[in-house]
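Thanks for asking me to look this one over. My comments are below as numbered points, to be read with the model open beside you.

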Amino acid sequence: MSRTFSIIGAGPGQSGLLTGRAQEVIIKAQEAYATGRTAGALAALRKDWKLCPAADLAERAAESTSEQIAILVSGDAGFYARLDAMRKVLEPHGSVEVYPGMSSLQYLCAQIGESYDDVFWMESGKQDLLAALSYHSKVCLLLEGNHTPAAVCTQLCAAGLGRLRVVVGTRLGTGREHIVDQTAQLLRNKKFAAPALLLLFQQAPADPNRPIFDTDLVGMDGMLRQEVRWNAANLLRVKPDETVYDMAAGNGAVGLELARKACEGRVYAFEENEDKMSLLVRNREALGGWNLCPAPGKWKDVIQSAPAPDAAFVGTGVADIHETLAALKEKNSHVRVVVAADSLERLSQTQLALTALHFKNQSVSQLLLTRGRTLGSYTMMLAGETVFLLCAGK
């Protein structure tokens with residue numbers, strides 16, 4: 001138990017950017033472990049690096065019998081460098097010391113004069129890019145392999161975000177660094193060395209905690225009112241990283257509400273009416289819910305290519321309620337659903353369909369929307385539509 005493991009952040013990979021204390025620990029260590037790329041950049045400090053993949057650094061070091069062991073990780077040791085996992089491996093074998101390094105994000109932001117206290121760091125391929133850009137002003141990605149800046153910019157352009165500001169940094173801190181500050185539209189065909197750091201700027205991110213009001217939207221004729229939407233979205237119990245369907249999405253009023261609930265996931269808006277879909281696109285652009293994905297056309301034709309839903313809202317515009325619910329359950333047998341019914345006939349059809357399809361935990365609520373209206377010196381409560389919300393699923 002006398003062994004000491006020193007986990008050291010290598011920063012951008014240049015010895016001049018390490019702290020003096022970190023350099024001293026590397027030089028004095030009896031053994032030093034690093035990946036090939038990091039060790040090559042810091043060859044001036046020592047020549048006898050023990051090379052292994054980043055995922056195996058802690059395990060290899062734990063197998064050593066030396067007392068003073070240095071472990072070099074890229075960037076900052078405590079910033080997405082598997083520090084917690086490494087400590088769990090190393091602590092049974094000795095004490096663990098951590099020496100922070102300058103992260104590539106810090107370096108890039110310093111070079112372009114931007115703060116990084118409000119940057120949302122996302123792991124490429126593990127989190128949804130459009131969701132991150134909907135609700136954060138700055139998003140950072142580290143890209144390697146098939147995940148390239150061109151591929152990301154192409155995705156942004158396809159989503160309607162071609163004018164988004166994108167900063168790409170490569171070979172940071174090496175003396176051969178390359179930093180480009182352009183729009184996604186102009187960078188979608190450009191090639192960059194790997195790995196590349198991307199910083200994306202969203203000027204007007206949406207607030208996922210703010211509900212959407214009727215006055216925020218265009219095309220509200222015939223759409224569910226805000227109080228009904230708020231209740232429906234809460235009944236669906238959407239988690240941040242879930243996939244959600246909005247069936248018969250109309251102008252996107254419900255879908256955008258759900259997109260804020262699924263602020264790390266996606267909502268697929270199925271709507272076959274072209275005019276309504278154009279309203280949905282306008283509302284999405286105005287309110288910044290880029291993780292609301294339009295799915296135009298008949299839902300039977302496009303639902304097969306969509307990922308399985310965790311939850312689904314079925315609007316009053318859905319014609320065949322039984323067929324729709326059956327398709328949802330086929331995609332995910334544990335799907336949670338909320339169905340809106342604006343008539344007793346629709347209520348009965350939905351209850352029969354939910355029972356026939358063996359949906360569990362069925363419940364129904366009746367909402368009578370009553371709003372105040374000023375008449376002279378009095379405020380009169382005027383009754384509006386009545387809507388039933390049926391909730392079911394695991």
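1. Let me start with a small question: which residue in S13 is the bridge partner of Phe270? That partner is Ala295. The two residues belong to a parallel pairing, in which strand S12 (residues 266-271) and strand S13 (residues 292-296) are joined over five bridges. To get from S12 to S13 the chain passes through helix H11 (residues 274-287), and this β-α-β crossover is right-handed. Please keep in mind throughout that this is a predicted model.

2. A word on the overall picture. The secondary structure of the chain comes to 14 helices and 17 strands. Its radius of gyration is 27 Å, well over the 21 Å that the globule rule gives for 394 residues, so the chain is more spread out than a compact globule. The C-alpha trace spans about 80 × 50 × 45 Å along the principal axes.

3. S12 and S13 are part of an open sheet of seven strands, with the order S13-S12-S11-S14-S15-S17-S16 and mixed pairing. Its edges are S13 and strand S16 (363-375), each of which pairs on one side only. On average, neighbouring strands in this sheet are turned by 20° against each other, direction ignored.

4. The same sheet also offers an antiparallel example: strand S15 (residues 336-341) and strand S17 (residues 378-392) are joined by five bridges. Here Val339 stands opposite Leu390 in S17. Helix H9 packs on the sheet and touches strand S14 (311-314), S15, S16 and S17, its direction making about 30° with that of S17. H11 packs on the sheet as well, touching S12 and S13, and its direction makes about 165° with that of S13.

5. Now for the other sheet I looked at. This open sheet has five strands in the order S6-S7-S10-S8-S9, again with mixed pairing. Strand S6 (119-121) and strand S9 (178-183) are the edge strands, each pairing on one side only. From one strand to the next the twist averages 20°. S6 runs parallel to strand S7 (residues 138-143), and three bridges join them; Phe120 has Val139 in S7 as its bridge partner.

6. Two helices are worth viewing against this five-stranded sheet. Helix H5 (residues 104-112) packs on the sheet, touching S6, S7, strand S8 (165-170), S9 and strand S10 (196-201), and its direction makes about 60° with that of S10. Helix H7 (residues 149-158) lies across S7, S8 and S10, running at about 20° to S10.

7. How far apart are the axes of helix H13 (residues 321-331) and helix H14 (residues 344-356)? They are 9 Å apart, and the helices pack at an angle of about 35°. The crossing of H13 past H14 is right-handed. H13 contributes Ile321, His322 and Leu325 to the contact, while H14 contributes Arg346, Gln349, Thr350, Ala353, Leu354 and Ala356. Sorted by character, the contact residues are five nonpolar, three polar and one charged.

8. Finally, two backbone details to check. Most residues other than glycine have a negative phi, and most peptide bonds are trans. Against that background, the peptide bond from Ala194 to Pro195 is cis, with omega near -5°; Pro195 lies in the loop between helix H8 (184-187) and S10. Arg237 is not a glycine, yet has a positive phi of about 55°. Arg237 sits in the loop between helix H9 (226-235) and strand S11 (243-247).

How values were computed. Residues numbered from 1 in each chain as written. Predicted model: local features only at pLDDT ≥ 70, side-chain atom pairs only at ≥ 80, totals over all residues. Heavy atoms only, no water. Pairing = 2+ DSSP bridges. Helix = DSSP H or I, 4+ residues; strand = E, 2+ residues; numbered from the N terminus. Right-handed = clockwise from strand over helix to strand, strands pointing away. Axes fitted to C-alpha atoms, helices over the stretch in contact; angles between N-to-C directions. Left-handed = near helix turned anticlockwise from the far one by under 90°. Contact = heavy atoms within 4.5 Å. Nonpolar A, V, L, I, M, F, W, Y, C, P; charged D, E, K, R; others polar. Rg over C-alpha atoms; globule rule 2.2 N^0.38 Å.
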